[in-house]
Amino acid sequence: MTDFLHRHTLHLTPLSPLHLGTGEDYEPTNYIIAENALYAFDPAQAELDPAQRNKLLGVAKSGDIQQIQKYFADNPDPFRAAAHSISSVSPALASEYHKSLGKVAQREQRGNLVFNRLNIERTATNPHNHTPLIPGSALKGCLRTALMEMRSEKQPPATFRLNTPLKEKREQLRYEEDLLGSFATDLLRLVKPADLNASGDIATHICYATNHKKKNIIGKDGRPVAGKGVTGRRETIQHGQYRAFHGDITLQHLDLSHKPHLKDAAKKLPAAHSLDLAALARAANTYHLRRFAREAALLSERGLVDPAWLKSTQQLIDQLKPALDAGSHILLRLGKNGGAESKTIDGYAQIKIMAGKGQKPTFEAQTKTVWLAADDDKSTSGLLPFGWVLIEIDAGDTNPALKNWCDNNSAHLKTAADLQQQLAAAQAEQHERSAAAQAANAARAAAAAAQAA
């Protein structure tokens with residue numbers, strides 16, 4: 001009898017900075033930046049003496065955001081000790097924090113003041129232990145898009161027209177159902193990836209997401225025209241962490257050997273009763289290898305990418321080509337700022353390109369800009385793309401090529417390891433102080449009780 005469920009173990013290694021947004025931000029009332037490190041905390045968990053507590057309550061009651069921000073920045077020690085996570089911060093972003101914290105960023109016409117909140121977009125985390133995770137839905141979405149592109153090459157749409165406005169969504173959904181089935185008959189209904197959890201301490205880094213033109217456009221002043229996107233601040237999972245995440249993916253097999261009586265079975269069951277994970281992996285690799293090659297050529301031509309990273313990563317992909325072709329490894333593009341090309345189908349993409357103020361947007365097959373991770377928002381070289389990861393399926397004891405790549409691309413992780421040690425030391429010191437204070441209070445209470453007796 002065929003097994004009803006086929007479970008496989010996945011190990012994920014980030015090849016470039018990775019950000020999977022959840023819509024949540026770090027805000028100045030739950031983090032501080034000190035010595036190029038971000039300490040995230042719950043203010044209620046900080047151990048404050050009576051004077052500190054009363055001052056914090058007074059500032060909070062005032063409702064003055066400037067004063068609240070200034071209080072946390074001026075009294076970092078108890079909140080650093082209460083931090084549940086720590087991230088390295090680019091020096092430029094740390095400088096921006098200290099220069100603009102609590103200052104007025106804009107004055108509205110009615111006289112209202114808008115303060116610089118310095119929000120930082122958080123990556124997805126486990127709410128119980130605050131460690132980063134990789135949502136299973138992100139993996140499934142990548143597999144789905146790759147499978148659709150593979151099937152679209154064999155089954156082109158009958159009525160689909162390039163540059164059709166997005167309001168023709170019904171036509172697109174109909175084509176998607178033609179390729180993969182409806183809600184009930186969708187092939188990916190049989191694929192159930194779990195969230196990938198951290199294998200240990202995960203190094204995260206706060207950096208900028210900078211926007212750059214794909215073509216080198218020279219303005220009237222003779223200088224290159226920069227990208228027009230708003231520079232973002234992102235928490236990213238750092239690359240070079242060998243098998244940083246692990247989890248399971250389960251493939252369901254519909255065993256119909258007992259020939260159940262189902263009315264309209266074609267409308268209630270997927271056309272295929274089982275899926276091959278290796279075949280899905282090969283489809284994903286075909287999809288993403290094309291895009292990696294195109295992006296590598298573009299970034300290299302524009303001089304934007306870190307050449308050492310690009311060379312070593314290309315060598316790694318070449319070394320792992322047999323495993324990628326066999327479907328035991330998967331190259332994926334996950335998360336935000338990976339480019340719309342990594343979420344659409346070649347030949348049928350309709351990417352919305354915003355025009356100037358008062359002008360209608362256009363729909364193109366390619367984006368005109370690229371988003372890159374940078375430690376300085378003014379940098380135009382030595383940058384890294386977002387979101388490239390390598391997944392191993394049912395991996396063995398070790399992967400020499402991948403381990404060697406991580407060893408050669410992990411110099412930046414030493415800072416994160418030092419920060420983790422500093423945080424652990426600060427928390428241990430705080431614990432000792434708390435224990436000593438509790439012991440002293442207990443001794444005083446015992447002495448008072450003895451005297452009363």
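Q: Where in this predicted model is Thr125 found?
A: Look at the loop between strand 8 (120-123) and helix 5 (136-154); Thr125 is in there.

Q: Why is Thr125 called buried?
A: Its relative accessible area is 19%, and buried means under 20%, so Thr125 makes the cut.

Q: Which residues is Thr125 in contact with, leaving aside its neighbours within four places in sequence?
A: That would be His130, Thr131, Pro132 and Leu133.

Q: How many aromatic pairs are there?
A: The count is eight.

Q: What makes the pair of Tyr26 and Tyr31 edge-to-face?
A: The ring centres are 6.3 Å apart, and a pair needs them within 6.5 Å. The planes sit at 70°, and over 60 counts as edge-to-face, so that's the label the two tyrosines get.

Q: Why do Tyr26 and Tyr31 count as buried?
A: Tyr26 has 2% relative accessibility and Tyr31 has 1%. The cut-off is under 20%, so both qualify.

Q: What makes the pair of Phe41 and Phe72 tilted?
A: Their planes are 45° apart; stacked is under 30 degrees and edge-to-face over 60, so an angle that fits neither is called tilted. The centres are 5.6 Å apart.

Q: Which parts of the chain does the Phe41 and Phe72 pair link?
A: Phe41 is in the loop between strand 4 (37-40) and helix 1 (50-62), while Phe72 is in helix 2 (residues 65-74), 31 residues apart. Both are buried, and they share one aromatic cluster with Tyr71 and Phe79.

Terms used
Residues numbered from 1 in each chain as written. Predicted model: local features only at pLDDT ≥ 70, side-chain atom pairs only at ≥ 80, totals over all residues. Heavy atoms only, no water. Helix = DSSP H or I, 4+ residues; strand = E, 2+ residues; numbered from the N terminus. Buried < 20%, exposed > 50% of the residue type's maximum accessible area, 1.4 Å probe, protein only. Contact = heavy atoms within 4.5 Å. Phe/Tyr/Trp six-rings, centres within 6.5 Å; stacked < 30°, edge-to-face > 60°.
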